[in-house]
Amino acid sequence: MIVFEKYLGVSGGHEHTQMNAIHSLTPEREKIYVTGTDFSPLASDQCRIANILSTRKDHKHRPEWSVKHDADAIRRLVSERYGDRWPPIVVPTVGAHDFLVFLNVVAQAPDHFKVSFRVLEERHILDLSNDERRQVSVLVENGKFVLVTETSNLSEHLSRCYGLKSDDCLMLPGIMSLDSDQESLEPGRSARHLRVGCLGGFRKEKGGFILPNIIHQLSNALNGHPLEKRVEFLMQQPPVKMRKRYIRYHSKFLRLRTTTFISGALSIRTLPLAMDAAAFRMAMAEVDVLLLPYDGLAYSNRGSGIVIDGVCARKPFVHTATMKMSDLLDHGNAEPCDGSITDYVGKTLKVLSHLDQYDDPTREAAKSLRHHFQRSRDFLLSL
């Protein structure tokens with residue numbers, strides 16, 4: 001099997017977790033991971049890697065060259081390693097570039113050629129021209145292209161809006177493991193503060209710019225609230241950029257830290273913008289509830305890696321109601337919100353006040369996730 005993951009060399013995002021995720025699901029399957037020339041080897045001795053593809057910089061500045069370069073690189077790799085027999089190819093994080101590469105490849109490929117694309121966002125379909133989408137649709141119909149998603153919501157959306165057939169059968173593990181010792185993830189609620197976590201990186205579509213308003217209102221609400229413990233808010237640092245919006249944000253956040261410290265009901269702990277796997281696991285173990293104030297439109301048909309990791313860790317969620325990851329958020333383990341600051345704060349306090357009531361629902365969500373991982377394994381082994 002060839003796994004085509006062009007951005008393994010990018011530290012942010014989820015791409016760099018895909019090698020271990022796919023290996024953990026199919027350890028018995030021989031795989032070679034194909035990625036960009038900017039990739040530096042990771043501490044992973046079970047993965048064979050060919051860094052032969054173009055880089056993100058190439059895609060930006062010479063896109064047509066990049067498509068041809070990557071198509072030729074794949075043909076050479078297959079010819080050198082497999083001869084005339086093309087192995088199955090999986091693209092776990094597809095973008096428009098990947099579709100174009102394999103539209104180029106398929107023109108000279110044999111009849112048994114097949115590539116599976118995991119579509120994570122609608123925009124990767126929208127980035128194609130009408131003619132390119134038609135070509136993809138024809139290849140899906142004749143079986144040379146296979147489209148898969150991680151959520152049923154996106155699969156239904158692709159069928160309804162674009163007539164593209166897909167199956168929601170490839171949800172991959174993230175950093176957390178379903179089989180982790182849960183005692184290590186719950187280090188004694190009675191012996192510590194209650195902790196709200198907003199993890200997964202700082203982005204506008206993840207509600208980064210409304211966090212100060214949520215924290216401010218949560219601090220006010222905690223004054224006089226019957227919670228017996230102080231609350232600590234964990235969040236990752238926003239990037240430092242010389243743009244007016246970021247400068248105003250950092251100024252506002254600095255004032256907020258001062259006022260919350262004086263009030264005493266809420267403390268704020270900032271985590272590094274980029275965390276390694278060990279630091280992320282530690283942060284996830286500490287939190288009692290995960291807050292996801294995501295843009296409901298941006299996440300209306302896409303999943304989120306933090307949901308997968310949070311379900312693995314048996315954590316309850318407070319999330320925007322229009323986030324469509326119903327496969328994992330509809331087990332009583334999550335509190336949907338209408339998108340207002342007041343509702344985010346109210347639902348967060350509700351969860352913190354009744355944490356024990358979420359133990360069974362979070363276990364049910366973990367069972368559902370295990371089923372998804374089994375489906376993903378079955379799909380990968382079927383190729």
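Here is a short chat about the fold, sheet and cores of this predicted model.

Visitor: Let's start broad: how many helices and strands does the protein chain have?
Guide: The chain runs to 383 residues, and 53% of them count as buried. Among contacts between residues at least 6 apart in sequence, 73% join residues at least 24 apart. As for the elements, the count is 15 helices and 13 strands.

Visitor: In what order do the strands of the open seven-stranded sheet run?
Guide: The pairing in this sheet is parallel. One of the pairs is β1 (residues 2-4) with β4 (residues 89-91), joined over two bridges, and there I2 stands opposite I89. Written out, the order is β3-β2-β1-β4-β5-β6-β7.

Visitor: Which strands stand at the edges of that sheet, and why is one side of each left without a neighbour?
Guide: An edge strand here has a single partner strand, so one side of it is left without a neighbour in the sheet. That describes β3 (48-53) and β7 (166-167).

Visitor: What angle does α1 make with β2?
Guide: Helix α1 packs on the sheet, where it touches β1, β2 (32-36), β3 and β5 (115-118). Taking the direction of α1 against that of β2, the angle is about 170°.

Visitor: Moving inside, which element gives the largest share of the largest nonpolar core?
Guide: That core has 48 residues, and M284, V307 and L369 have the most contacts inside it. Elements giving two or more residues include α1 (18-25), α11 (277-286), α12 (305-312) and α15 (359-382). The largest share is six residues, and it comes from α15.

Visitor: Which residues does L369 touch, leaving out those up to four places away in sequence?
Guide: L369 is among the residues with the most contacts inside the core. Leaving out those sequence neighbours, its partners are M171, L178, I308, V311, C312 and L328.

Visitor: How many residues are in the other core?
Guide: This one lies apart from the largest core. Among its members are L53, I74, V106 and L139. The number is 38 residues.

Visitor: Cysteines next: is C312 buried or exposed, and what about C161?
Guide: Buried means under 20% relative accessible area, and exposed means over 50%. C312 has 0%, so it falls on the buried side. C161 sits at 43%, so it lands in between the two cut-offs. The verdict: C312 is buried, and C161 is partly exposed.

Visitor: And how many disulfides does the structure hold?
Guide: A disulfide here takes two cysteine sulfur atoms within 2.5 Å. By that cut-off, the number is zero.

How values were computed
Residues are numbered from 1 along each chain as its sequence is written. This is a predicted model: local features need pLDDT of at least 70, side-chain atom pairs count only at pLDDT 80 or more; totals for chains, interfaces and linings use all residues. Side-chain values use heavy atoms; hydrogens and water are left out. A nonpolar core is a set of buried Ala, Val, Leu, Ile, Met, Phe, Trp, Tyr and Cys residues joined through side-chain atoms within 4.5 Å. Buried means under 20% relative accessible area, exposed over 50%, partly exposed in between (1.4 Å probe, protein chains only). Helices (H or I, at least four residues) and strands (E, at least two) are DSSP runs, numbered from the N terminus. Contact means heavy atoms within 4.5 Å. Two strands pair if DSSP finds at least two bridges between them. Axes are lines fitted to C-alpha atoms, for helices over the stretch in contact, and angles run from 0 to 180 degrees between N-to-C directions.
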